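Trainee: I am new to this structure and would like a close look at one part of it. Please start with the metal sites and then go on to what else can be described.

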Amino acid sequence: MKALLIEEVNKPYTLRTDVAVPKVKPGMILVCSKAAGFCHTDVMALAGHTNPPLPTVPGHENVGVVAALGEGVTGFNIGDRVGAYLYRNPCHECRECKNKTYNYCDKVTLAGLNGDGGMAEYFLADALWTVHLPDALAFEKAAPLMCAGGTVYQSILNAKLDKGKIMAIVGIGGLGHLGVQFAKVMGYRVVAVDTRSAPLDLVSHLPPRLAPDLVINPTDGVDKTLERIAATFDGATGVDCTVVCTDALPAFQFSMDIMAKHSVLVFVGLPLEPVPFHFSFFLNKDAIVVAGALGPKESLQEMLELAVKEDIHVEIKEYTMENANQMLKDYENEGMKGKFVVRIE
Ligand SMILES: [Zn+2]
Ligand SMILES: [Zn+2]
């Protein structure tokens, strides 16, 4: 089959046409790939941070059509349109597996990161993390929801914030532009925070029911930002929650600085450096930090239904396997916004 490969770290992808089609195993679904999103973690895989065996097929935001079913798989038929999270092969023996929190099993393979992913004509999906795609959702729009959408949706849930509270989405990249919209339709008052104008313009021009109530550029400074928050939200002394979707360390400090007392920081970004937290953030603000990550399959299904019902806008730029290396270059571009998707044809 045709497939992109990471053959060497810190090098462009290689396109090969003689890669073996994966063998379907018990509990697995062989999927004829239709699209694969490009996610920040793919950059980390290419840099070797996820320890990919070489070669590895990249791609962990994978969607397509069921081509074959492994032993024991029920609920799917050949030809079904499906999407899958990146996890595969939990051990079924450890404490996490027994608790059905399979995402946290140390033995899981991560498609595209430390095992073959979906930037190929076929990929393997684990039935435990595979769902049917709503008919109304095109493959290209569905792919970015398989990691970016799922992560930011579950992260918003993890904040356990009452409706009507003020939620800031910090970092309006692939996750953030979806996060703003999910937070809005989930009933929050939403602040979009980014230092780049392209993504802020993107979310500002969404229909009002999906657009943020306030857009903040941190270069304006903390004091001015707090004034604008107070002016926009009836004298609020800060935001009730920040969902930090960026790796930029200054964004974490800015997030803490604009949070009100008794607020929640959801840690979603993947900075390689540790993030410093001053004790006053906890002692004086009574703030808490919670993890943001992908949830179970049920949360994926729920998020897809919400995305269709609320007509969530997925901003994409499409590539093919043939010009995927142009995508790697474009990803470094300052004006980059939304999500990049590789169409598999
Ligand atoms: Zn396990
Ligand atoms: Zn991802």
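Which residues are the protein donors of the zinc ion (ligand 1), and how far from it do they lie?

Mentor: A caution comes before the details: this is a predicted model. In it, the zinc ion (ligand 1) has four cysteines as its protein donors, namely Cys91, Cys94, Cys97 and Cys105, each through its SG atom. These donor atoms lie 2.3 to 2.4 Å from the zinc ion (ligand 1). The angles among the four donor atoms run from 105 to 116°, and the site is tetrahedral. For comparison, the ideal angle for four tetrahedral donors is 109.5 degrees.

Along the chain, the donors of the zinc ion (ligand 1) follow the spacing C-x2-C-x2-C-x7-C. Cys91 and Cys105 are 14 residues apart, and this pair links distant parts of the chain. Cys91 sits in the loop between strand E6 (87-88) and helix H2 (95-98), while Cys105 sits in the loop between H2 and strand E7 (109-110).

Are these cysteines buried or exposed? Cys105 is buried, because its relative accessibility of 4% falls under the 20% cut-off. Cys91 has a relative accessible area of 25%, so it counts as partly exposed. Cys94, at 22%, is also partly exposed.

With several cysteines in play, disulfides need a check. A disulfide is a covalent bond between the sulfur atoms of two cysteines. A pair counts here if the sulfur atoms are within 2.5 Å, and the count comes to zero disulfides.

The zinc ion (ligand 2) has a mixed set of protein donors: Cys39 (SG), His60 (NE2) and Cys147 (SG). They lie 2.1 to 2.2 Å from that ion. Their spacing in sequence is C-x20-H-x86-C. Cys39 is in the loop between strand E3 (28-38) and H1, and His60 is in the loop between H1 and E4, so the pair ties together parts that are 21 residues apart in sequence. Cys39 is buried, with a relative accessible area of 3%. His60 is buried as well, at 1%.

The loop between helix H1 (40-46) and strand E4 (61-69) also holds Pro55. The peptide bond from Leu54 to Pro55 is cis, with omega near 0°. As background, most peptide bonds are trans, and most residues other than glycine have a negative phi.

Two residues that are not glycine have a positive phi. Lys160 has a phi of about 50° and lies in the loop between H4 and strand E10 (166-170). Lys160 is exposed, with a relative accessible area of 71%. Asp234 has a positive phi of about 50°, and its place is the loop between helix H7 (222-232) and strand E13 (239-244). At 71% relative accessibility, Asp234 counts as exposed.

Last comes a pocket. The second largest pocket has a volume of about 230 Å³. It is lined by 15 residues, and those closest to its centre are Lys100, Thr101, Asn103, Gly295 and Pro296. Helix H4 (148-158) and helix H10 (297-309) each supply at least two residues of this lining. Sorted by class, the lining has seven nonpolar, five polar and three charged residues.

Notes
Residues are numbered from 1 along each chain as its sequence is written. Chains are lettered from A and ligands numbered from 1 in the order in which they are written. This is a predicted model: local features need pLDDT of at least 70, side-chain atom pairs count only at pLDDT 80 or more; totals for chains, interfaces and linings use all residues. Side-chain values use heavy atoms; hydrogens and water are left out. Donors are N, O and S atoms within 2.8 Å of the metal (3.2 Å for Na, K and Ca); water is not among the atoms, so sites may look incomplete. Four donors count as tetrahedral if all angles lie between 85 and 135 degrees; four count as square planar and six as octahedral if opposite donors are over 155 degrees apart and all others between 65 and 115; anything else is irregular. Helices (H or I, at least four residues) and strands (E, at least two) are DSSP runs, numbered from the N terminus. Buried means under 20% relative accessible area, exposed over 50%, partly exposed in between (1.4 Å probe, protein chains only). On a 1 Å grid over the protein atoms alone, a cavity is a set of points where a 1.4 Å probe fits but cannot get out, and a pocket is an open set with protein on both sides within 12 Å along at least five of seven lines; lining residues have an atom within 4 Å of a point. Grid points are joined across faces, edges and corners, and a volume is the space filled by probe spheres set on the points. Ala, Val, Leu, Ile, Met, Phe, Trp, Tyr, Cys and Pro count as nonpolar, Asp, Glu, Lys and Arg as charged, and the others, Gly among them, as polar.
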